[in-house]
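Student: I have just opened this model and I would like a close look at one part of it. Could you take me through a pair of packed helices, and then show me how some single residues sit around the rest of the chain?

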Amino acid sequence: MSVIHSKNYKMCTASILAGALGDSMGADIEFSGLELIRRKYPNGINSLARIDVPPNFFTDDTQMTLFTAEGLIMANKANSLDSQVAVDKIMHGALLRWYCTQGGSPKIKTDTSEGIILDNSLWFSGSPGMTCMSSLREARVLGQPASNNSKGCGTIMRVAPLAFGVPREYLRKYAISTSALTHGHPLGQLAAAAWAEIIADFVANNHLEETANTISREYNDISEDGAIISQAIDLALNAPRDATPETVETLGKGWNAVEALSIALYACLSTQNLDSGLQCALIHSGDSDSTAAIAGNLLGVMYPDEVFSHPLLEHLEGKSIIQNLVTELVN
(Lines give C-alpha, C1' and ligand atoms only; values in the text may rest on other atoms or scores of the structure.)
Protein backbone atom coordinates (compact mmCIF):
# COMPACT_ATOMS: atom_id res chain seq x y z
CA MET A 1 0.00 0.00 0.00
CA SER A 2 1.45 3.39 -0.99
CA VAL A 3 1.99 6.16 1.55
CA ILE A 4 -1.02 8.06 0.17
CA HIS A 5 -3.24 4.98 0.27
CA SER A 6 -1.99 4.16 3.77
CA LYS A 7 -2.96 7.63 5.00
CA ASN A 8 -6.34 7.48 3.28
CA TYR A 9 -7.00 4.03 4.70
CA LYS A 10 -6.27 5.27 8.22
CA MET A 11 -8.38 8.40 7.79
CA CYS A 12 -11.30 6.58 6.20
CA THR A 13 -11.27 3.76 8.76
CA ALA A 14 -11.14 6.23 11.64
CA SER A 15 -13.94 8.28 10.07
CA ILE A 16 -16.37 5.39 9.70
CA LEU A 17 -15.46 3.84 13.06
CA ALA A 18 -15.88 7.14 14.90
CA GLY A 19 -19.22 7.65 13.20
CA ALA A 20 -20.30 4.18 14.29
CA LEU A 21 -19.16 4.89 17.86
CA GLY A 22 -21.13 8.13 18.01
CA ASP A 23 -24.13 6.43 16.46
CA SER A 24 -24.13 3.61 19.01
CA MET A 25 -23.43 5.93 21.95
CA GLY A 26 -26.43 8.03 21.00
CA ALA A 27 -28.86 5.24 20.16
CA ASP A 28 -30.37 4.95 23.64
CA ILE A 29 -30.83 8.70 24.22
CA GLU A 30 -32.47 9.69 20.94
CA PHE A 31 -35.80 11.36 21.75
CA SER A 32 -34.69 11.98 25.37
CA GLY A 33 -34.91 15.45 26.86
CA LEU A 34 -31.75 17.23 27.93
CA GLU A 35 -32.53 17.16 31.64
CA LEU A 36 -33.22 13.43 31.55
CA ILE A 37 -29.92 12.81 29.76
CA ARG A 38 -28.05 14.88 32.34
CA ARG A 39 -29.66 13.01 35.23
CA LYS A 40 -29.02 9.58 33.73
CA TYR A 41 -25.52 10.33 32.43
CA PRO A 42 -23.99 12.95 34.77
CA ASN A 43 -20.50 12.12 33.51
CA GLY A 44 -21.40 11.94 29.84
CA ILE A 45 -22.23 8.99 27.61
CA ASN A 46 -19.79 6.15 28.24
CA SER A 47 -21.66 3.13 26.89
CA LEU A 48 -22.88 1.73 23.59
CA ALA A 49 -26.40 0.86 22.49
CA ARG A 50 -28.45 -1.54 24.59
CA ILE A 51 -32.14 -0.88 23.92
CA ASP A 52 -33.32 -0.32 20.34
CA VAL A 53 -30.63 -2.26 18.46
CA PRO A 54 -28.59 -5.38 19.29
CA PRO A 55 -26.12 -4.68 22.12
CA ASN A 56 -23.05 -2.69 21.06
CA PHE A 57 -24.28 -2.24 17.50
CA PHE A 58 -25.01 0.94 15.61
CA THR A 59 -28.31 2.15 14.13
CA ASP A 60 -29.58 2.75 10.61
CA ASP A 61 -27.19 5.70 10.27
CA THR A 62 -24.13 3.47 10.11
CA GLN A 63 -25.95 0.65 8.35
CA MET A 64 -26.73 3.00 5.47
CA THR A 65 -23.20 4.39 5.54
CA LEU A 66 -21.85 0.87 5.03
CA PHE A 67 -24.20 0.12 2.14
CA THR A 68 -23.26 3.48 0.62
CA ALA A 69 -19.60 2.50 0.85
CA GLU A 70 -20.38 -0.82 -0.81
CA GLY A 71 -22.20 0.99 -3.62
CA LEU A 72 -19.13 3.13 -4.25
CA ILE A 73 -16.92 0.06 -4.30
CA MET A 74 -19.17 -1.52 -6.92
CA ALA A 75 -19.23 1.69 -8.97
CA ASN A 76 -15.43 1.80 -8.92
CA LYS A 77 -15.14 -1.84 -9.95
CA ALA A 78 -17.50 -1.18 -12.83
CA ASN A 79 -15.47 1.89 -13.87
CA SER A 80 -18.70 3.88 -13.64
CA LEU A 81 -17.63 7.02 -11.78
CA ASP A 82 -17.68 9.10 -14.95
CA SER A 83 -21.37 8.30 -15.47
CA GLN A 84 -23.83 9.82 -13.02
CA VAL A 85 -26.66 7.64 -14.35
CA ALA A 86 -24.64 4.48 -13.72
CA VAL A 87 -23.53 5.60 -10.26
CA ASP A 88 -27.07 6.49 -9.24
CA LYS A 89 -28.33 3.06 -10.30
CA ILE A 90 -25.57 1.26 -8.43
CA MET A 91 -26.06 3.38 -5.31
CA HIS A 92 -29.81 2.88 -5.47
CA GLY A 93 -29.27 -0.86 -5.62
CA ALA A 94 -27.06 -0.66 -2.54
CA LEU A 95 -29.69 1.28 -0.60
CA LEU A 96 -32.36 -1.20 -1.66
CA ARG A 97 -30.23 -4.01 -0.24
CA TRP A 98 -30.12 -2.11 3.05
CA TYR A 99 -33.90 -1.76 2.82
CA CYS A 100 -34.14 -5.55 2.61
CA THR A 101 -32.25 -5.89 5.90
CA GLN A 102 -34.94 -3.75 7.52
CA GLY A 103 -37.65 -6.17 6.45
CA GLY A 104 -38.56 -4.31 3.27
CA SER A 105 -39.61 -5.85 -0.03
CA PRO A 106 -38.49 -3.58 -2.88
CA LYS A 107 -40.65 -3.21 -5.97
CA ILE A 108 -37.43 -3.14 -7.99
CA LYS A 109 -35.69 -6.46 -8.47
CA THR A 110 -32.68 -6.36 -6.14
CA ASP A 111 -29.62 -8.60 -6.24
CA THR A 112 -29.05 -10.01 -2.75
CA SER A 113 -26.58 -12.70 -3.77
CA GLU A 114 -23.39 -10.86 -2.83
CA GLY A 115 -21.96 -8.20 -0.57
CA ILE A 116 -22.49 -7.25 3.04
CA ILE A 117 -26.17 -8.16 2.84
CA LEU A 118 -24.98 -11.76 3.26
CA ASP A 119 -23.68 -10.89 6.74
CA ASN A 120 -26.49 -11.95 9.06
CA SER A 121 -25.30 -9.55 11.76
CA LEU A 122 -26.59 -6.59 9.70
CA TRP A 123 -30.12 -7.96 9.47
CA PHE A 124 -31.72 -6.03 12.29
CA SER A 125 -33.98 -3.03 12.51
CA GLY A 126 -31.75 -0.03 13.15
CA SER A 127 -34.71 2.24 13.93
CA PRO A 128 -34.77 3.30 10.27
CA GLY A 129 -35.95 6.73 9.24
CA MET A 130 -39.45 6.88 7.80
CA THR A 131 -38.37 8.87 4.74
CA CYS A 132 -35.65 6.41 3.76
CA MET A 133 -38.00 3.47 4.21
CA SER A 134 -40.94 5.00 2.34
CA SER A 135 -38.88 6.29 -0.58
CA LEU A 136 -37.18 2.94 -1.08
CA ARG A 137 -40.49 1.11 -0.68
CA GLU A 138 -42.12 3.25 -3.36
CA ALA A 139 -39.18 3.23 -5.80
CA ARG A 140 -40.09 1.70 -9.17
CA VAL A 141 -37.23 2.83 -11.43
CA LEU A 142 -33.63 2.16 -10.48
CA GLY A 143 -31.69 5.40 -10.08
CA GLN A 144 -34.77 7.63 -10.13
CA PRO A 145 -34.89 10.39 -7.48
CA ALA A 146 -37.46 10.20 -4.71
CA SER A 147 -40.63 12.24 -5.18
CA ASN A 148 -40.97 13.44 -1.58
CA ASN A 149 -40.08 16.88 -0.23
CA SER A 150 -38.03 15.73 2.76
CA LYS A 151 -34.88 17.45 4.00
CA GLY A 152 -34.31 15.02 6.88
CA CYS A 153 -30.84 14.08 8.10
CA GLY A 154 -30.99 10.69 6.36
CA THR A 155 -28.89 12.23 3.58
CA ILE A 156 -26.01 13.63 5.57
CA MET A 157 -25.75 10.73 8.02
CA ARG A 158 -24.62 8.32 5.27
CA VAL A 159 -22.49 10.57 3.05
CA ALA A 160 -19.00 10.17 4.57
CA PRO A 161 -17.79 7.34 2.25
CA LEU A 162 -18.18 9.64 -0.73
CA ALA A 163 -15.50 11.93 0.73
CA PHE A 164 -13.02 9.07 0.37
CA GLY A 165 -14.37 7.15 -2.63
CA VAL A 166 -15.27 9.84 -5.17
CA PRO A 167 -12.85 12.16 -7.02
CA ARG A 168 -13.11 15.68 -5.62
CA GLU A 169 -14.42 17.16 -8.86
CA TYR A 170 -17.40 14.77 -8.80
CA LEU A 171 -18.07 14.89 -5.09
CA ARG A 172 -20.76 17.55 -4.90
CA LYS A 173 -22.88 16.28 -7.77
CA TYR A 174 -22.74 12.65 -6.60
CA ALA A 175 -23.50 13.58 -2.99
CA ILE A 176 -26.54 15.48 -4.28
CA SER A 177 -27.73 12.77 -6.66
CA THR A 178 -27.33 9.89 -4.22
CA SER A 179 -29.09 11.89 -1.50
CA ALA A 180 -31.93 12.53 -3.94
CA LEU A 181 -32.60 8.79 -4.14
CA THR A 182 -34.34 9.07 -0.76
CA HIS A 183 -34.82 12.79 -0.02
CA GLY A 184 -36.35 15.15 -2.54
CA HIS A 185 -35.72 18.54 -0.94
CA PRO A 186 -32.60 20.39 -2.19
CA LEU A 187 -31.64 21.39 1.36
CA GLY A 188 -31.20 17.77 2.42
CA GLN A 189 -29.11 17.11 -0.66
CA LEU A 190 -26.96 20.24 -0.36
CA ALA A 191 -26.30 19.68 3.35
CA ALA A 192 -24.98 16.22 2.57
CA ALA A 193 -22.82 17.56 -0.25
CA ALA A 194 -21.38 20.32 1.92
CA TRP A 195 -20.49 17.85 4.67
CA ALA A 196 -18.80 15.46 2.24
CA GLU A 197 -16.78 18.36 0.84
CA ILE A 198 -15.80 19.58 4.30
CA ILE A 199 -14.50 16.11 5.18
CA ALA A 200 -12.62 15.73 1.90
CA ASP A 201 -11.09 19.19 2.05
CA PHE A 202 -10.07 18.82 5.68
CA VAL A 203 -8.23 15.62 4.76
CA ALA A 204 -6.42 17.64 2.09
CA ASN A 205 -5.50 20.74 4.12
CA ASN A 206 -5.94 19.82 7.80
CA HIS A 207 -7.52 23.20 8.63
CA LEU A 208 -11.18 22.98 9.61
CA GLU A 209 -12.11 26.63 10.08
CA GLU A 210 -10.58 27.66 6.77
CA THR A 211 -12.28 24.74 5.03
CA ALA A 212 -15.69 25.56 6.51
CA ASN A 213 -15.40 29.24 5.58
CA THR A 214 -14.49 28.36 2.01
CA ILE A 215 -17.39 25.92 1.62
CA SER A 216 -19.75 28.48 3.15
CA ARG A 217 -18.77 31.12 0.60
CA GLU A 218 -19.15 28.67 -2.27
CA TYR A 219 -22.61 27.52 -1.23
CA ASN A 220 -23.80 31.05 -0.62
CA ASP A 221 -23.37 31.70 -4.33
CA ILE A 222 -25.13 28.55 -5.57
CA SER A 223 -28.78 29.35 -4.94
CA GLU A 224 -31.24 30.41 -2.27
CA ASP A 225 -31.02 26.91 -0.82
CA GLY A 226 -27.25 27.11 -0.96
CA ALA A 227 -27.41 30.35 1.02
CA ILE A 228 -29.32 28.50 3.76
CA ILE A 229 -26.55 25.91 3.90
CA SER A 230 -24.04 28.74 4.13
CA GLN A 231 -25.99 30.24 7.03
CA ALA A 232 -25.97 26.89 8.86
CA ILE A 233 -22.20 26.64 8.49
CA ASP A 234 -21.76 30.24 9.65
CA LEU A 235 -23.94 29.61 12.70
CA ALA A 236 -21.56 26.85 13.74
CA LEU A 237 -18.52 28.98 13.01
CA ASN A 238 -19.80 31.96 14.99
CA ALA A 239 -21.43 30.22 17.98
CA PRO A 240 -19.63 30.49 21.34
CA ARG A 241 -17.04 27.73 21.55
CA ASP A 242 -18.22 26.55 24.99
CA ALA A 243 -19.47 23.16 23.71
CA THR A 244 -22.50 23.29 26.01
CA PRO A 245 -25.83 21.64 25.17
CA GLU A 246 -27.50 25.02 25.45
CA THR A 247 -25.31 26.39 22.66
CA VAL A 248 -25.80 23.23 20.61
CA GLU A 249 -29.57 23.65 20.82
CA THR A 250 -29.37 27.18 19.42
CA LEU A 251 -28.31 25.45 16.21
CA GLY A 252 -31.33 23.12 16.20
CA LYS A 253 -32.08 19.54 17.18
CA GLY A 254 -30.58 17.76 14.19
CA TRP A 255 -33.76 16.21 12.82
CA ASN A 256 -33.24 17.83 9.44
CA ALA A 257 -30.03 17.79 7.44
CA VAL A 258 -29.34 21.52 7.74
CA GLU A 259 -29.46 21.47 11.55
CA ALA A 260 -27.48 18.24 11.66
CA LEU A 261 -24.77 19.84 9.52
CA SER A 262 -24.54 22.83 11.85
CA ILE A 263 -24.43 20.75 15.04
CA ALA A 264 -21.86 18.30 13.70
CA LEU A 265 -19.58 21.07 12.47
CA TYR A 266 -19.93 22.94 15.76
CA ALA A 267 -18.98 19.83 17.75
CA CYS A 268 -15.80 19.51 15.68
CA LEU A 269 -14.93 23.21 15.91
CA SER A 270 -15.51 23.70 19.63
CA THR A 271 -13.71 20.67 21.11
CA GLN A 272 -10.13 19.49 21.23
CA ASN A 273 -10.37 15.71 21.16
CA LEU A 274 -12.51 12.85 19.94
CA ASP A 275 -14.54 12.11 23.05
CA SER A 276 -15.33 15.73 23.91
CA GLY A 277 -16.48 16.21 20.31
CA LEU A 278 -18.72 13.16 20.49
CA GLN A 279 -20.16 14.28 23.84
CA CYS A 280 -20.90 17.71 22.39
CA ALA A 281 -22.73 16.15 19.43
CA LEU A 282 -24.57 13.67 21.67
CA ILE A 283 -25.88 15.60 24.64
CA HIS A 284 -28.91 17.57 23.51
CA SER A 285 -32.63 16.89 23.26
CA GLY A 286 -32.65 16.05 19.58
CA ASP A 287 -31.45 13.41 17.13
CA SER A 288 -28.44 12.46 19.23
CA ASP A 289 -27.35 9.30 17.44
CA SER A 290 -27.42 10.97 14.03
CA THR A 291 -25.61 14.15 15.02
CA ALA A 292 -22.94 12.13 16.83
CA ALA A 293 -22.57 9.77 13.87
CA ILE A 294 -22.19 12.70 11.48
CA ALA A 295 -19.77 14.57 13.74
CA GLY A 296 -17.88 11.33 14.34
CA ASN A 297 -17.17 11.01 10.63
CA LEU A 298 -15.12 14.22 10.77
CA LEU A 299 -13.81 13.81 14.33
CA GLY A 300 -12.33 10.49 13.27
CA VAL A 301 -10.32 12.24 10.57
CA MET A 302 -9.24 14.92 13.05
CA TYR A 303 -8.20 12.49 15.80
CA PRO A 304 -7.59 9.09 14.18
CA ASP A 305 -5.26 7.75 16.86
CA GLU A 306 -7.87 8.51 19.51
CA VAL A 307 -10.42 6.47 17.56
CA PHE A 308 -8.25 3.37 17.62
CA SER A 309 -7.57 3.77 21.35
CA HIS A 310 -11.11 4.73 22.39
CA PRO A 311 -12.21 2.53 25.32
CA LEU A 312 -15.53 1.66 23.69
CA LEU A 313 -14.07 0.59 20.35
CA GLU A 314 -13.18 -2.90 21.54
CA HIS A 315 -16.85 -3.48 22.36
CA LEU A 316 -18.26 -2.06 19.12
CA GLU A 317 -19.89 -4.74 16.98
CA GLY A 318 -19.46 -4.66 13.21
CA LYS A 319 -15.85 -3.41 13.26
CA SER A 320 -14.64 -6.08 10.84
CA ILE A 321 -17.32 -5.16 8.30
CA ILE A 322 -16.17 -1.53 8.42
CA GLN A 323 -12.50 -2.42 8.10
CA ASN A 324 -13.08 -4.76 5.15
CA LEU A 325 -15.19 -2.21 3.31
CA VAL A 326 -12.66 0.57 3.86
CA THR A 327 -9.86 -1.63 2.50
CA GLU A 328 -11.83 -2.15 -0.71
CA LEU A 329 -12.95 1.45 -0.94
CA VAL A 330 -9.50 2.98 -0.57
CA ASN A 331 -7.74 0.46 -2.79
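Tutor: Here is a walk through one helix pair, followed by the whole protein and a few single residues.

This is a predicted model, in which local features need pLDDT of at least 70 and side-chain atom pairs count only at pLDDT 80 or more, while totals for chains, interfaces and linings use all residues. Residues are numbered from 1 along each chain as its sequence is written, and side-chain values use heavy atoms, with hydrogens and water left out.

Let us begin with the pair. Two packed helices are described by the angle between their axes and the distance between the axes. Helix H3 covers residues 60-77 and helix H4 covers residues 84-101; their axes lie 8 Å apart, at an angle of about 145 degrees. Helices here are DSSP runs of H or I with at least four residues, and strands are runs of E with at least two, numbered from the N terminus. The axes are lines fitted to C-alpha atoms over the stretch in contact, and angles run from 0 to 180 degrees between N-to-C directions. The crossing of H3 and H4 is right-handed; that is, the near helix is turned clockwise from the far one by less than a right angle. On the H3 side, the residues making the contact include Phe-67, Leu-72 and Met-74, and on the H4 side they include Ile-90, Leu-95 and Trp-98. Contact means heavy atoms within 4.5 Å. By class, this contact has 11 nonpolar, 4 polar and 3 charged residues. Ala, Val, Leu, Ile, Met, Phe, Trp, Tyr, Cys and Pro count as nonpolar, Asp, Glu, Lys and Arg as charged, and the others, Gly among them, as polar.

Now step back to the whole protein. It has 16 helices and 0 strands. Of its 331 residues, 60% count as buried, where buried means under 20% relative accessible area, exposed over 50%, and partly exposed in between, with a 1.4 Å probe and protein chains only. Among contacts with a separation of 6 or more, 75% come from residues 24 or more positions apart.

Some single residues show such long-range links. Ala-293 lies in helix H14 (residues 288-302) and is buried, with a relative accessible area of 3%. Ser-15 is 278 residues away from Ala-293 in sequence, yet their C-alpha atoms are 9.5 Å apart. Beyond its neighbours within four places, Ala-293 is in contact with Gly-19, Gly-22, Asp-23 and Asp-61.

Leu-316 sits in the loop between helix H15 (304-308) and helix H16 (319-330). At 2% relative accessibility, Leu-316 counts as buried. Apart from neighbours within four places in sequence, its contacts include Leu-17, Leu-48 and Asn-56.

Ser-216 belongs to helix H9 (residues 208-220) and is buried too, at 4% relative accessibility. Not counting residues up to four places away, Ser-216 touches Ser-230, Ile-233 and Asp-234.

Finally, look at two loop residues. Most residues other than glycine have a negative phi. Asn-206, in the loop between helix H8 (186-205) and H9, has a positive phi near 60 degrees; Asn-206 is exposed, with a relative accessible area of 59%. Ser-127, in the loop between H4 and helix H5 (130-138), has a positive phi near 55 degrees and counts as partly exposed at 36% relative accessibility.
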